Amino acid sequence: MSNKTRNVLKATAVILVLLAVVMKQGYVSIPALAAYTFWMVILAFGMLLIASK
């Protein structure tokens with residue numbers, strides 16, 4: 001896996017977690033994703049595990 005792919009996975013994971021936190025705080029409301037905030041964080045954690053060496 002190249003460094004560019006690792007950086008993209010890490011950036012995507014950070015964006016997913018930030019989106020989940022902002023949704024939990026109530027600043028952003030995305031009804032289609034509201035039920036999946038927990039799974040978004042789990043997915044982001046998995047992406048970080050895959051991207052780590």
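Visitor: What share of the contacts in the protein chain with a separation of 6 or more comes from residues 24 or more positions apart?

Guide: That's 58%. Bear in mind that this is a predicted model. The chain has two helices and zero strands, and its C-alpha atoms fill a box of roughly 35 × 15 × 15 Å along the principal axes.

Visitor: Why is the pairing of Phe38 and Trp39 called edge-to-face?

Guide: Two values go into that kind of description: the distance of the ring centres and the angle of the planes. For Phe38 and Trp39 the centres are 5.0 Å apart, and a pair needs them within 6.5 Å. The planes make an angle of 75°, and over 60 degrees counts as edge-to-face, so the label fits. A search of the whole structure turns up one aromatic pair, and Phe38 with Trp39 is that pair.

Visitor: Why is Tyr36 called partly exposed?

Guide: Its relative accessibility is 46%. Buried would be under 20% and exposed over 50%, so Tyr36 lands in between and counts as partly exposed. You'll find Tyr36 in the loop between helix H1 (3-25) and helix H2 (37-51). Phe38 and Trp39, on the other hand, are both exposed.

Visitor: Which residues make up the nonpolar patch on the surface?

Guide: Tyr36, Phe38, Trp39 and Ile42, with about 480 Å² of accessible area together. Joining a patch takes over 30% relative accessible area, and Tyr36 at 46% clears that bar.

Visitor: And how much of the protein chain is buried?

Guide: Buried residues are 19% of the 53. The accessible surface comes to about 4,100 Å², with 71% of it belonging to carbon and sulfur atoms.

How values were computed. Residues numbered from 1 in each chain as written. Predicted model: local features only at pLDDT ≥ 70, side-chain atom pairs only at ≥ 80, totals over all residues. Heavy atoms only, no water. Phe/Tyr/Trp six-rings, centres within 6.5 Å; stacked < 30°, edge-to-face > 60°. Buried < 20%, exposed > 50% of the residue type's maximum accessible area, 1.4 Å probe, protein only. Patch = residues over 30% accessible without salt bridge, like charges linked within 9 Å, V, L, I, M, F, W, Y side chains within 5 Å. Areas by Shrake-Rupley, 256 points an atom, 1.4 Å probe, with all protein chains shown as cover. Salt bridge = Lys/Arg side-chain N within 4 Å of Asp/Glu carboxyl O. Helix = DSSP H or I, 4+ residues; strand = E, 2+ residues; numbered from the N terminus. Contact = heavy atoms within 4.5 Å.
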